[in-house]
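User: Please take a close look at the second largest pocket. I would like its lining described, and then what surrounds it in the rest of the chain.

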Amino acid sequence: MFVSALFLLEAGQEPAVSLRGFVRRHPWIRLSTDPLFLQHDRGAAARRVALVSGGGSGHEPMHAGFVGPGMLDAAVPGKIFASPHNRQVYEASKAVARDGGVLHIVKNYTGDKINFGIAAERLAADGIEVARVLVDDDVATESDATATGRRGTAATIVVEKLLGAAADRGDDLNSLTALGRDVAARSRSIAVASAALTSPHTGTRTFELEPGQLEYGVGIHGERAAASIARPPLTELVERMVTDILGSLPAGNRDPLLLLVNGLGATTDLELCTVLELAARRLTDLGHEIAAVEFGTFVAALDMSGFSITLTRLTDGLLELWQAPTGAPAWKDQRR
């Protein structure tokens, strides 16, 4: 991470400092500091429903980088790895609400669900129609022993992009909610790490791995996996990840796949491209059609050394939504 955790500590861990720099570069995005949220007003005229997402800081460019035409109307950042307060969510939603209401895109974490839920109740009391799409894609926590179920990770970006394009064409709240839940149900991810992130509280790694070890199934807040494994060759590692994701996806169809490879903060594009190619080869060898691919750092865990793989089954019409233009600052324009 180019700004060390110690510098974040000296800055008081205030997301507003970072966001001021962000909007200085993108002045068409407006920053509210009390309470803290980002919004823009360049949305398509046909858009009837506002899209709002958010969560703890430390995952940039999610969510601030995806505020813009074709994606989110507003993003609500909490402190590092902490849910935003319900007042932030409420005020951001109220600021961008359209005639057709507001749709919240929420990752499956307890704090996020609670605070977005309280905000939704307040919005409803104001007469603003509101609905939620919950993203729960992390295969690593798909277990009866995990009371909260699958965590929400990189598939959040897939949901935000597809819903952003659908909202721009004028879909109503019910249609967007159904689409978002369907996309979330068709998406799975898993992440690995070779080194932990740096704690902004202590300036040291949150855990240490033995030489030759790897965390398989790590979380985006620095959560360790259930167990460390001996680090296999990269080809074998990617094949295992692809196999585990495919095994968790809903069975019964062979829809084309969207393949997204995401860096966790300290992984280079060179490495991510290598993972992308190995994953694509494995999927092709297994007889799967790949309709679209993307790589980059979309959902970081501060400066963690690692990556995640996400697969989404694309039904009819979703590829067009994925390829629709967006002006969100962190999005790579696939039309170039």
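Analyst: The second largest pocket holds about 250 Å³ of space. Its lining counts 16 residues, and those closest to the pocket centre are Ser194, Arg231, Leu234, Glu271 and Phe307. This is a predicted model.

Several elements build the wall. Two strands take part: strand 7 (187-195) and strand 12 (305-313) each supply at least two lining residues. Two helices do likewise, namely helix 7 (234-248) and helix 8 (269-285). By class, 10 of the lining residues are nonpolar, 4 are polar and 2 are charged.

Next, the domains. The assignment splits the protein chain into domain 1 (14-186) and domain 2 (189-323). Their C-alpha centres are 22 Å apart. Contact between them involves 31 residues of domain 1 and 35 residues of domain 2.

Enclosed space is a separate matter. Searching the whole structure turns up 2 cavities of 30 Å³ or more. The largest cavity has a volume of about 60 Å³. Strand 7, which also helps to line the second largest pocket, gives the most to the lining of this cavity, with 3 residues. Both domains take part: domain 1 and domain 2 each provide at least three residues of the cavity lining.

The cavity lining can be named in full. It consists of Asp138, Thr153, Ala154, Ser189, Ile190, Ala191, Val218, Ile220, Asn262, Leu264, Val299 and Ser308. By class, 7 of these residues are nonpolar, 4 are polar and 1 is charged.

Strand 7 leads on to one more site. Threonine 204 sits in the loop between strand 7 and strand 8 (213-216). Its relative accessible area is 45%, so threonine 204 counts as partly exposed; the class runs between 20% and 50%. The side chain of threonine 204 makes a polar contact with the side chain of threonine 202, at 2.8 Å. Leaving aside residues up to four places away in sequence, threonine 204 touches Leu197, Thr198 and Ser199.

To return to the pocket: Ser194 and Phe307 are among the residues closest to its centre, and strand 7 and strand 12 are among the elements that each supply at least two lining residues. In the largest cavity, Ser189 and Ser308 are among the lining residues.

Key
Residues numbered from 1 in each chain as written. Predicted model: local features only at pLDDT ≥ 70, side-chain atom pairs only at ≥ 80, totals over all residues. Heavy atoms only, no water. 1 Å grid on protein atoms, 1.4 Å probe; cavity = no way out; pocket = protein on both sides within 12 Å on 5 of 7 lines; lining within 4 Å. Points joined across faces, edges and corners; volume = space filled by probe spheres on them. Helix = DSSP H or I, 4+ residues; strand = E, 2+ residues; numbered from the N terminus. Nonpolar A, V, L, I, M, F, W, Y, C, P; charged D, E, K, R; others polar. Buried < 20%, exposed > 50% of the residue type's maximum accessible area, 1.4 Å probe, protein only. Contact = heavy atoms within 4.5 Å. Polar contact = N/O pair within 3.5 Å; in protein donor to acceptor, adjacent residues only side chain to side chain. Domains from an automatic or database assignment.
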